[in-house]
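Biologist: I am new to this structure. Please show me the structure and take me through its main features.

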Amino acid sequence: MDPLEGEASVPIEYEPVNVKDVLVEMKDTAELLIDLSYSAVLHSSEDIAAEVLRLEEQMDVLEMRARMGLMMATRSPDDAERLAPVLGIVAAADGISDAAGDIAKVVLEDIGLPEAMRAALPDAVETLVRGVVAADSPYADRTLQDIDLESETGVRVIALRRGDDWLLNPGPKTVIRSEDVALLRGPDVSIPDVYETLTGSEYEPPTAAAPDIEDLERAVDTIVHMKNLSELAVDLAYSAVLFDSEALAEEVRNLEVEVDALESRFEAWTLRAAADAADPVTLRGLIHLGSSTEVISDAAVDISEGVLRDIEVHPVVGMAVEESDEIITRVAVESGSDLDGVAIVDGLPDTDTTMSVIAIRRPEDGWLLVGDADAEIQGGDVLISKGTRTAAAAFEELAQV
């Protein structure tokens, strides 16, 4: 049964909105939806899947408000030309939301998944849990900075839901209230104590059945990799638009091609596994998972389409850029440069800059996500990095001879 079945749709009437703020919220919502939907599948969590559907409904409201605001802002053919790509961004974000909802329904509607998926998760994948803050919790009515949860335990509060309102990027000054729905991510060893302190209830980890399908570990590795690539594609797509970067938009296309290839191989593996499975229906959800992942990467390309078509970015997007202290850049490493041969440790190059390398595209090996790989930068690599504008300029110089 749909956990939201019977709830009335939220009535929406036009009201003046800051389109820039709505676009930023849609971006944050899309990124969280991807994370939550895959976590629901990988951890077999109906509670997290239900939160995905609630957040999907919130995205529908944001999409309608954005469309209304953009229609009110169109006063000339020039406005229409520059706002068309922004409408594309809005539609693509909603497409990501729908795909995430479809992934969550794999869990909620019992479409079919191997019971041993959790047991096959890579060790590096952290646990994500949902908990309701108890009235007498030691965390209640305190800021995240005061609690210092991440430093003490390694567990992060990635989002809070307070009634129908979402706090998507809780920061140091965010106050946790009783009855808040908290989404926590962290290492398995720390989750039970934090969960019990937060909710007042004992944490009961889901049981992990023994793998009964040959090579399930490799299939789950592929799912995790497709998820990470799709998240990166969406992140790069928004950055391509915000910073009007054709180079980043081209990398979004490259990622979409990689995800398509992975999805094709994953689908072939699923069909072969079905031939040997005692009940092939238990693999049906994997097909849904692969196709939804492809939808997300396609949506990332749609987000950056205006940049690829060389359409001038509307000022509403420019205003969002001005608020960003951090940027994402694409740098091609020349052989013999200062970056050639540098080892990456914990995602950071051993240099004096403050840029963080988040992904590498290597001609022979395809995409390497730095969080998943102990990599050494090589000449010919294309680095996707995050940091300040000043650091980005210095970092680009290190990549050149």
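The questions and answers below go through the core, a helix, the sheet and the salt bridges.

Modeller: This is a predicted model, in which local features need pLDDT of at least 70, side-chain atom pairs count only at pLDDT 80 or more, and totals for chains, interfaces and linings use all residues. Residues are numbered from 1 along each chain as its sequence is written, and side-chain values use heavy atoms, with hydrogens and water left out.

Biologist: Which helix gives the largest share of the largest nonpolar core?

Modeller: A nonpolar core is a set of buried Ala, Val, Leu, Ile, Met, Phe, Trp, Tyr and Cys residues joined through side-chain atoms within 4.5 Å; buried means under 20% relative accessible area, exposed over 50%, and partly exposed in between (1.4 Å probe, protein chains only). The largest core has 86 residues, and those touching the most other members include Met-26, Leu-32 and Leu-236. Helices (H or I, at least four residues) and strands (E, at least two) are DSSP runs, numbered from the N terminus. The largest share of this core, 15 residues, comes from helix α7.

Biologist: Why is α7 described as largely enclosed by the rest of the structure?

Modeller: Helix α7 has 27 residues. It is largely enclosed because, of those 27 residues, the number buried is 21.

Biologist: What is the strand order of the open sheet?

Modeller: Two strands pair if DSSP finds at least two bridges between them. Strands β1 (127-132) and β4 (165-167) each pair on one side only and form the edges. The four strands pair in antiparallel fashion, in the order β1-β6-β3-β4.

Biologist: Which residue of helix α1 is linked to Arg-185 of strand β6?

Modeller: A salt bridge is a side-chain nitrogen of Lys or Arg within 4 Å of a carboxyl oxygen of Asp or Glu. Arg-185 counts as buried, at 10% relative accessibility, and its salt-bridge partner, 2.3 Å away from N to O, is also buried, with a relative accessible area of 13%. The two residues are 150 residues apart in the chain, and the one in helix α1 is Asp-35.

Biologist: Is Glu-251, which meets Arg-330 in a salt bridge, buried or exposed?

Modeller: The side chains of Arg-330 and Glu-251 meet at 2.6 Å, N to O. Arg-330, in strand β7, counts as partly exposed at 31% relative accessibility. Glu-251, in helix α8, has 1% relative accessibility and therefore counts as buried.

Note on methods
Expected span 1.5 Å × (residues − 1).
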